[in-house]
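I opened the notebook to go through one sheet and one pocket. My entries follow.

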Amino acid sequence: MIVVGFNGFTHAADVFARHFRRSGVDRYRLLGHDAGAAVFVDGELVAAVEEERLNREKKTSDFPARALRWALREAGAGLGDVDVFAFPWAFTPEVAESQLRGLLASPLALTAKFEQFSRLGELYRRVTSEEAIRADFAERTGYEIPDGRLRLVPHHLAHLMCGHYLAGGGEAAFLVSDGRAETFSSVMGEIDDHGHAVFEECSVDIANSLAMLYSKVTRYLGFVPNNDEYKVMGLASYAEPAADNPLLDQVVELLDDGRYELRFRNELLDTQSYYALFDEVFGRAATPSGSSHDQADFAFKARVARWAQETVEAVTAHQLAALEKRTDRTRLLLEGGLALNCVNNSKLLDASGQFQDLRVSFGASDVGVAIGAGHHAVRELGERPVHRTSPYLGPAFGPDDIEAALRDYSERVRWRPCAEGKLAEEVAGLLSEKVVIGWFQGRMEYGPRALGNRSILANPGFDDIQDIINTRVKRREPFRPFAPVLLEEDAADVLDLGKKTASPYMTFVFPVREPARALLPGACHVDGTARAQTVTDLTNPPLAALLRAFRDRTGLPCLINTSFNVAGEPIVCTPRDALECFLGTEIDYLVLGDVIVSKAQSRPSTRELG
């Protein structure tokens, strides 16, 4: 039995740009972003890749033609072999009619309602209806999905099923919270291997979406909404907590059953309106005397980021309190875009008296809905799922691929293979100095985080290494921290893990223990925390071997691990992608499989510049 899950629309970007002004800074505020494809064979996830890794368009919403083609080839199947195609949006006629009724009852002027009806009509006809999805598939693949083989899976259910599959199944409570699904922004309930139940009285509609509020704050602070929310989370640590939070005081109202309301309708408030509202709510003032404009602006933005972060924490804690009253489950699945707020994840688990484990998958955001839709179809077909929890689901490249790429760049690089069994030792030797290394191994990881197969690595023992990577390699804001990667066996000595014993996907933040803070300045955020990844010899053998060799050589228990890309680009996928990034930045060495690559041209390295 072969099941394909896929996400992405050919015409979404065009329709949203023309009718909803979703271009430029708002280019990711549309349906289908983080497009991708996943293939299940006899209940097991065997291949998955995001379309952005192949078409090189970050967070693309395009139909996942390349991803679908690669994943099926990896599974040894063709389109005609697929039993079910599962799509993670279900804009059924009933949902569309509900949207129209809601618009009719809205406070918009009559002319504005007619305009909105026209926009929604084209969106439904060209993008979201089942007929549009079928036509899109046929247009991009040349294959018409036979009757009975297409499943439209509600978006939040796809999120939930992704989390359940990647957590290994079993009983759990769940909270799914993101910007929007078909009609809701947040749902909660219970799930097990036989079914799930949604606590309807606790659901929150799109008009009151907490994630959309956070996204609006993201844009207000000068970042890209639906992409840069993690920057707001990082910036929040630069402001001290305050007694009053204007978002909680003036914008958000907590209600019974874990629900909440915003004092404005998300979907009806245009950019100019909420900018003016935030100016008033946040009390944007002139630069204080004696302070530079830049200092005052940074302080203001950090304060707003802190308020937004505290609001997320307060509202989701309110939701979890309601969930705890309705379930006796002690394991919680947290999925949806808001689950990428790893600072909040840790606080929720630590504060809960009932939940002893909280799982956030590496596909928690919309990257995971292709997996979730596929898993839901597997269960509907009566297949017994074969749970796979590894994130390394994408393309791999062998020695011949690496050699061919290197020969194409032979005038610009020099390379040498390591002796068998010596890679970890040699790279650990390089990393004992102030260098930055591109690390390219095995199958590409799935999801928004680099988890050790397409990573940039560095020594966290240097107090200026964060500045070096931010400015000379990643080309990003200097306030942003880097994550440590360390062996699971060492984690408790370095981090206060609380209830967790491991953090394999960088979905939690932990306090760094006092002795380690001075030892590892490059791996600590300004508030003394770290968003850590833990690995074992089983989960990632090459990276575990490198960490052990580096620890033995330097006495340091971790490395800095950040995604192998520059700001605004997808993580590298192929050896050629890696070489282009290497040559376009001040990365000192590139490790492709067991080959160590250096630049042929004489140019300053980060070691020389640092």
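I looked up the partner of Val 41 and found that Val 41 stands opposite Glu 44 in strand 3. Strand 2 (residues 36-41) and strand 3 pair in the antiparallel sense over six bridges, where pairing requires that DSSP finds at least two bridges between two strands. Strands (E, at least two residues) and helices (H or I, at least four) are DSSP runs, numbered from the N terminus.

I noted that this is a predicted model, in which local features need pLDDT of at least 70 and side-chain atom pairs count only at pLDDT 80 or more, while totals for chains, interfaces and linings use all residues. Residues are numbered from 1 along each chain as its sequence is written, and side-chain values use heavy atoms, with hydrogens and water left out.

I then traced the open sheet, whose five strands have the order 3-2-1-4-5 with mixed pairing. Strand 3 (44-50) and strand 5 (150-152) stand at the edges with a single partner strand each, so one side of each is left without a neighbour in the sheet.

I turned last to the second largest pocket (on a 1 Å grid over the protein atoms alone, an open set of points where a 1.4 Å probe fits, with protein on both sides within 12 Å along at least five of seven lines; lining residues have an atom within 4 Å of a point). Its lining comprises 29 residues, and Arg 359, Thr 389, Ala 502, Pro 504 and Tyr 505 lie nearest its centre. Helix 7 (155-166), strand 13 (357-359) and strand 20 (533-535) are the elements that give two or more residues to this lining.
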